[in-house]
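Here are a few exercises to work through with the structure open beside you. Try each task before you read its solution.

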Amino acid sequence: MIVLGIETSCDETSAAVIQDGLLKSNVVLSQEIHCEYGGVVPEIASREHEVQLTSIIEMALERASISKLELDAIAVTYGAGLMGALLVGLNLAKGLAIGLNIPFIGVNHMEGHLYANMIDNPQMEYPFLCMLVSGGHTQIWSVDSFGEYTLFSNTVDDAAGEAFDKGARILGLKYPGGPEIQREAKDGDPDKFSFPRPRLKRSEYNFSFSGLKTAILYACKKMTDDELLQNRSDIAASYQEAIIDTLLEKLKKVYQKTNINKVSVAGGVAANTRFREKASELSDQMGLHIHFPKMEFCTDNAAMIAMAGYERLKSGEQSSLNLPAVPNLTLAG
Ligand code: KG4
Ligand code: ZN
């Protein structure tokens, strides 16, 4: 079965082709234009998707050496995401499915992330944990079998990526903040400043990053511009360390509760080299197997949507052409 996947939920315009569970192509266009605004501008995102999506799909088909007429189905993200952005992908997918007279299936974006590891690690066996650390999400799921998920950890306020982005802005660094803080932290001392590792009394598995943001704001406010510049790499290193320690502390707790030792990581924060380093230390200590999918599958991409769609189509599912875009779609769990 040959499936075309389409993803336009936020600021990545992406199309991918999967043939019998194997990835043939994955084209991702990250909309650079949002950098100058310090965050994603929904109206601009949908307009860019409109302009780019058709040629991105053509590129994906060409790289896979597949003609449109060979497609068996189309998988597309129908939520969660920005309404206008989702509609661009969803409407194009419906139009193509009607034109080619093939089924189409709406995929939950989050489900895509949970299956991203299957693209380059097909031997991953159930059950496994999936840690999703992006600009919008900080969650730990257990994936018990296909379509069976349990949510163990979630953030009660900011997401980990958001904490990086907000911290970077306070430090006078650019957006997206994660790579900027990582670069700045490289020569910094992670023990120089003491930032909180929030422990939530009532929900020990959940994350909270808003206190950390307040802490960095106060630490910086106390300094003159010169002092801030002199201390910036130490602050960045200490701040990064606090985010990572918090993430790994909760992962450890979920592992201790579930005894599931296979872990897949998804989301933009998975690119962080210090996070990878400390995750691998934790793996050695605790006997965990942490799989970091290739970066192109960690961040938003259509390959994961095609993969999740392929699994659903294989089990005989398809969506009605009336399927609406659902900006606040959640996964049961
Ligand atoms: O998954 P993603 O590309 O987009 C969504 O949020 O959907 O994640 C983007 C987030 C941003 O907040 C960005 O600052 C963060 O991932 N990020 C990083 C790194 N690269 C990207 N955070 C820490 N270290 C990095 N190297
Ligand atoms: Zn995502």
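**Exercise 1. Describe the surface and the charges of the protein chain.**

Start with the surface: this predicted model has an accessible surface of about 14600 Å², and carbon and sulfur atoms account for 49% of that area. Next, take the charges. The protein chain carries 30 positive and 42 negative charges, and their mean positions lie 6 Å apart.

**Exercise 2. Work out how compact the protein chain is for its length.**

First, list the elements: there are 11 helices and 10 strands. Then compare two values: the radius of gyration is 20 Å, close to the 20 Å from the globule rule for 333 residues, so the chain is as compact as a globular protein of that length. For the outline, the C-alpha trace spans about 65 × 45 × 35 Å along its principal axes.

Now look inside. Of the 333 residues, 54% are buried, counting those under 20% relative accessible area. Finally, consider contacts between residues at least 6 apart in sequence: 74% of them join residues at least 24 apart.

**Exercise 3. Find which residues coordinate the zinc ion (ligand 2), and place them in the fold.**

Begin with the donors: H109 and H113 each use NE2, and D300 uses OD, at 2.1 to 2.2 Å. Written as a spacing, the donor residues read H-x3-H-x186-D. Now place two of them: H113 sits in helix α3 (residues 109–115), whereas D300 is in the loop between α10 (295–298) and α11 (302–314), so this pair ties together parts 187 residues apart in sequence. As a last step, check burial: H113 and D300 are both buried.

Key: Residues numbered from 1 in each chain as written. Chains lettered and ligands numbered in written order. Predicted model: local features only at pLDDT ≥ 70, side-chain atom pairs only at ≥ 80, totals over all residues. Heavy atoms only, no water. Helix = DSSP H or I, 4+ residues; strand = E, 2+ residues; numbered from the N terminus. Rg over C-alpha atoms; globule rule 2.2 N^0.38 Å. Buried < 20%, exposed > 50% of the residue type's maximum accessible area, 1.4 Å probe, protein only. Contact = heavy atoms within 4.5 Å. Areas by Shrake-Rupley, 256 points an atom, 1.4 Å probe, with all protein chains shown as cover. Lys, Arg positive; Asp, Glu negative; His and termini not counted. Charge placed at Lys NZ, Arg CZ, Asp CG, Glu CD. Donors = N, O, S within 2.8 Å, 3.2 Å for Na, K, Ca; no water.
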